[in-house]
Amino acid sequence: MTVIETHSARETAEAGEAFGREAKPGDIYCLDGDLGVGKTVFTQGFARGLGITEPVNSPTFTILQIYEEGRLPLYHFDVYRLGDPSELEGIGYEEYFYGDGVCLVEWGSQVADLLPEGTRFVTIQKRLDKGFDYRKITVTDREDENTGD
Amino acid sequence: MKDIRILAIESSCDETAAAVVANGREALSNIINSQIDVHTLYGGVVPEIASRAHIQNINPVIRAALDGAHMTLDDIDAVAVTYGPGLVGSLLVGVAEAKALAWATGRPLIGVHHIEGHIAANYLAYKDLKPPFAALVVSGGHTHLVMVQDYDRFEIIGRTRDDAAGEAFDKVARAVGLGYPGGPKIDKEAKNGNPHAIEFPIAHIDGAPYDFSFSGIKSAVLNYLNEAKMKGETVNRADLVASFQQAIVTTLVSHSMQLVRERNLDKLVIAGGVSANSALRAAMKEACTAEGVAFYCPPLILCTDNAAMIGSAAYYEYCKGNFAGWDLNAVPNLKLGQRA
């Protein structure tokens with residue numbers, strides 16, 4: 001288990017960037033945390049780490065955004081709007097989850113049953129007693145280890 | 001001259017839509033799946049995200065569009081379809097359907113960019129509108145400030161770096177307990193609030209003065225809520241959402257007017273679902289009037305995702321003979337101005 005503490009959106013992006021630099025084909029990250037906690041900020045840094053320079057927007061509306069200009073293809077999911085995990089099948093998720101690129105799945109625990117073995121779980125949390133910009137980023141290899149603070 | 005009638009299909013996101021458009025300027029029919037009771041009419045299903053729903057809706061919606069225009073496939077001169085940007089599975093349903101219809105009828109196939117379609121919605125609403133003009137496209141999935149040089153020439157001047165404007169509305173509505181869809185609910189609630197009660201930060205991007213960032217405003221709203229909660233204070237929700245809306249509207253208006261001034265333009269159009277927002281319409285109209293700029297804003301039915309706008313944009317491709325091959329594919333991250 002890895003715990004990273006950040007104190008600004010910039011630091012959260014830098015944490016993501018470090019993971020992006022080390023990402024390997026087939027890696028999947030399940031990204032959880034409340035609204036506005038910085039899941040997209042983390043992903044923007046992650047994309048930079050892969051060498052992607054185009055703006056990475058929130059995929060809330062489109063569910064999936066694909067970026068192919070980096071070292072590896074990045075498949076950026078946001079499954080918040082899905083009514084049911086089975087709706088991912090309509091998107092053809094297997095092609096991405098079991099492909100040669102890297103997947104980042106925001107609100108991924110909503111589709112936990114569909115996440116392949118080897119998925120890494122990233123949880124971003126606020127701690128208001130430590131200030132509005134403080135974030136605790138927890139990275140584990142199994143969902144059940146990820147019990148927050 | 002003979003009328004050119006285009007059957008247009010749109011399935012880039014949640015809506016399955018079909019329309020018949022004459023000469024790019026007149027919608028003879030404009031059917032959106034959530035708008036008609038497809039279930040009763042033809043045995044369809046309620047809208048959902050999956051492409052499965054598009055598959056079930058698409059034929060009834062196309063049939064309703066042809067019926068509405070009092071036409072059959074024989075009366076159609078071309079078949080147009082949105083091929084990006086959007087959700088790949090959703091786009092593919094429309095693209096495959098359009099290809100099949102074009103092939104079966106022997107008519108040309110035209111691929112259309114979704115955002116170019118939103119801009120073209122204004123050609124349906126305003127018969128005399130001609131480029132060049134500035135266009136602000138704001139919806140749940142897109143925020144683009146575009147210089148429209150000609151019917152088929154676009155230059156992206158500004159875009160969002162994080163959340164789309166409509167998405168910021170949805171997320172803030174969720175945070176304050178107003179629910180979905182956030183845009184109309186905030187618009188309504190804000191009418192009871194003071195838009196100057198709270199000053200929310202307006203983001204500026206270094207080196208990209210026309211780009212937008214809305215995630216900062218969203219975070220500021222969440223921090224405001226958290227701070228009130230910690231202090232045990234009650235939040236005036238109407239004031240909060242009115243102030244939030246004011247911050248978004250101010251950014252959209254100031255960037256748009258900056259472009260109009262810089263390029264010495266006399267026309268500004270808005271398009272996309274968020275252009276239905278009453279505060280945005282009012283502020284934009286006021287700013288345009290003050291500077292002697294003509295302001296165009298399509299009716300609600302043409303602001304939301306629809307196929308009539310695709311049929312309008314397709315007409316100008318038709319006139320140029322810009323037809324797609326049978327290898328036309330869905331392009332989820334299609335760039336504005338890119339051609340198949």
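User: In this predicted model, is His70(B) buried or exposed?
Analyst: His70(B) sits in the loop between H2 and S4 of chain B, and its phi is near 55 degrees, a positive value in a residue other than glycine. A residue is exposed if 12 or fewer other C-beta atoms lie within 10 Å of its own. Because His70(B) has 10 other C-beta atoms within 10 Å, its class is exposed.

User: Which class does Trp107(A) fall into by its C-beta neighbours?
Analyst: Trp107(A) belongs to the loop between strand S5 (102-106) and strand S6 (120-126) of chain A. Its phi is near 60 degrees, which is positive although the residue is not glycine. Burial requires 20 or more other C-beta atoms within 10 Å. Trp107(A) has 19 C-beta neighbours inside 10 Å, so the residue counts as partly exposed.

User: Where does the largest nonpolar core lie with respect to the domains of chain B?
Analyst: This core holds 150 residues, and those touching the most other members are Ala8(B), Ala18(B), Ala19(B), Ala65(B) and Ala314(B). Helix H8 (residues 237-262) of chain B makes the greatest contribution, with 10 residues. Domain 1 (5-119 + 303-319) and domain 2 (131-297) of chain B both give residues to the core, so its place is between them.

User: Which element gives the most to the side of domain 1 of chain B that touches domain 2 of chain B?
Analyst: The C-alpha centres of the two domains of chain B are 29 Å apart, and 9 residues of domain 1 are in contact with 16 residues of domain 2. On the domain 1 side, helix H4 (114-125) and helix H11 (308-319) of chain B are the elements giving two or more residues. That side divides into 5 nonpolar, 2 polar and 2 charged residues. The element giving the most to it, with 4 residues, is H4(B).

User: Which helix gives the most to the side of chain B that touches chain A?
Analyst: The contact between the chains takes 22 residues from chain A and 31 residues from chain B. On the chain B side, at least two residues each come from helix H2 (51-68), helix H3 (88-105), helix H5 (165-175) and helix H7 (215-231). By class, this side has 10 nonpolar, 11 polar and 10 charged residues. With 7 residues, the element that gives the most is H7(B).

User: Which strand of chain A helps to cover the buried residues of H3(B)?
Analyst: H3(B) has 18 residues and spans 26 Å from its first C-alpha to its last, close to the 26 Å expected. Its buried residues include Val88(B), Leu91(B), Val95(B), Glu97(B) and Lys99(B). The cover from chain B includes strand S1 (5-10), H2, strand S4 (78-84) and strand S5 (109-113). From chain A, the cover includes strand S3 (64-67).

User: What is the omega of the peptide bond from Gly84(B) to Pro85(B)?
Analyst: Pro85(B) is placed in the loop between S4 and H3 of chain B. The peptide bond that leads into Pro85(B) from Gly84(B) is cis, with omega near -10 degrees.

User: What is the omega of the peptide bond from Pro131(B) to Pro132(B)?
Analyst: Pro132(B) is part of the loop between H4 and strand S6 (133-138) of chain B. The bond from Pro131(B) to Pro132(B) is cis, and its omega is near 5 degrees.

Methods: Residues numbered from 1 in each chain as written. Chains lettered and ligands numbered in written order. Predicted model: local features only at pLDDT ≥ 70, side-chain atom pairs only at ≥ 80, totals over all residues. Core = buried A, V, L, I, M, F, W, Y, C linked by C-beta atoms within 7 Å. Domains from an automatic or database assignment. Contact = placed C-beta atoms within 7 Å. Nonpolar A, V, L, I, M, F, W, Y, C, P; charged D, E, K, R; others polar. Expected span 1.5 Å × (residues − 1).
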